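Let's look at how a few everyday structural terms are earned. Each question below asks what stands behind a word.

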Amino acid sequence: MVSGFSGAGKGTLMKQLVRSYDNYALSVSMTTRSPRPGEEDGREYFFVSREEFERRIEEGGLIEYASYCGNYYGTPKEYVRKQLEKGRDVILEIEIQGALKIKEQFPTALLLFVMPPSVSELKKRLEGRGTESPEVIKRRLSRAGEEADGIENYDFIVINDKLEECVEQMHGLIAAAHKTPQRNSSFIREIRQELQAFAKQ
Ligand code: 5GP
């Protein structure tokens with residue numbers, strides 16, 4: 001899971017990561033917010049009405065969902081399940097409440113937090129995007145302040161200064177996470193059992 005303040009550049013980073021390596025699958029979330037110019041339904045998000053979103057919640061079709069700055073955002077179950085079955089690393093670009101809910105369901109999920117190099121750079125990026133009104137930008141910056149309180153729940157932070165370097169760092173961290181004992185418990189158990197059998201011979 002990848003979280004980060006609005007304007008930290010998560011979207012661009014994730015697209016580049018998926019383009020650079022083929023073991024990743026990027027989950028497409030569902031949201032009730034309106035598309036920004038250039039965003040396409042089914043690519044950045046599935047854009048739906050509140051009624052449709054609430055229906056999906058009732059049907060149990062979302063792994064998690066959260067409310068963010070007045071809109072719903074959620075992760076559809078089906079795609080994630082299929083990609084995990086194919087053995088791919090599924091990337092969820094979601095905010096902190098959702099990330100923590102998923103961590104409860106999947107304790108070995110890796111949590112990365114993308115930070116901007118500075119707050120002034122964050123503000124500049126949000127304003128430079130030119131897609132949100134000053135009120136929305138203000139709301140998103142104040143939400144960033146709240147999210148900053150939860151950063152210690154994450155496994156790693158990545159500073160998005162230079163795109164390519166940041167992509168390499170993320171890939172490295174994910175590769176390293178695959179090697180922790182917690183994420184290799186069945187392999188470790190097998191080796192242990194074989195060793196025990198060997199010792200008994
Ligand atoms: P934006 O409107 O800027 O695209 O996204 C706003 C926030 O919602 C971001 O922090 C983004 O990571 C988060 N988000 C996007 N999709 C989901 C989702 O499926 N679930 C949750 N909990 N948050 C999401």
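## Loop, ligand and pockets

Cys69 sits in the loop that joins β5 and β6. This is a predicted model, in which local features need pLDDT of at least 70 and side-chain atom pairs count only at pLDDT 80 or more, while totals for chains, interfaces and linings use all residues. Residues are numbered from 1 along each chain as its sequence is written, and side-chain values use heavy atoms, with hydrogens and water left out.

Q: What makes the phi of Cys69 worth a remark?
A: Phi of Cys69 is near 50°, a positive value in a residue other than glycine. Most residues other than glycine have a negative phi.

Q: Why are β5 and β6 called strands?
A: Strands are DSSP runs of E with at least two residues, helices are runs of H or I with at least four, and both are numbered from the N terminus. β5 spans 62–68 and β6 spans 71–76, and each supplies at least two residues of the shell around the ligand.

Q: Which residues surround the ligand most closely, and what counts as near?
A: A residue is near if one of its heavy atoms lies within 4 Å of the molecule. The shell holds 16 residues, with Arg33, Tyr45, Tyr73, Glu95 and Arg140 the closest.

Q: Why is the pairing of Tyr73 with the ligand called a polar contact?
A: The term needs a pair of N or O atoms within 3.5 Å; within protein, one must be able to donate a hydrogen and the other to accept it, and residues adjacent in sequence count only if both atoms are side-chain atoms. An N or O atom in the side chain of Tyr73 is 2.5 Å from an oxygen atom of the ligand, so the pair qualifies. Thr75 also has a polar side-chain atom 3.3 Å from a ligand oxygen, and Glu95 has a side-chain N or O atom 2.6 Å from a ligand nitrogen.

Q: How much of the ligand does the protein bury?
A: Taken alone, the ligand exposes 510 Å², and the protein buries 96% of that. These areas come from the Shrake-Rupley method with a 1.4 Å probe; for residues, only the protein chains shown count as cover.

Q: What makes a residue nonpolar, polar or charged in the shell around the ligand?
A: Ala, Val, Leu, Ile, Met, Phe, Trp, Tyr, Cys and Pro count as nonpolar, Asp, Glu, Lys and Arg as charged, and the others, Gly among them, as polar. By that rule the shell has five nonpolar, four polar and seven charged residues.

Q: Which residues lie nearest the centre of the second largest pocket, and how are they lined up by class?
A: Of its 22 lining residues, Leu84, Asp89, Val90, Ala109 and Leu110 lie nearest the centre. The lining divides into 16 nonpolar, three polar and three charged residues. A pocket is an open set of points on a 1 Å grid over the protein atoms alone, where a 1.4 Å probe fits, with protein on both sides within 12 Å along at least five of seven lines; lining residues have an atom within 4 Å of a point.
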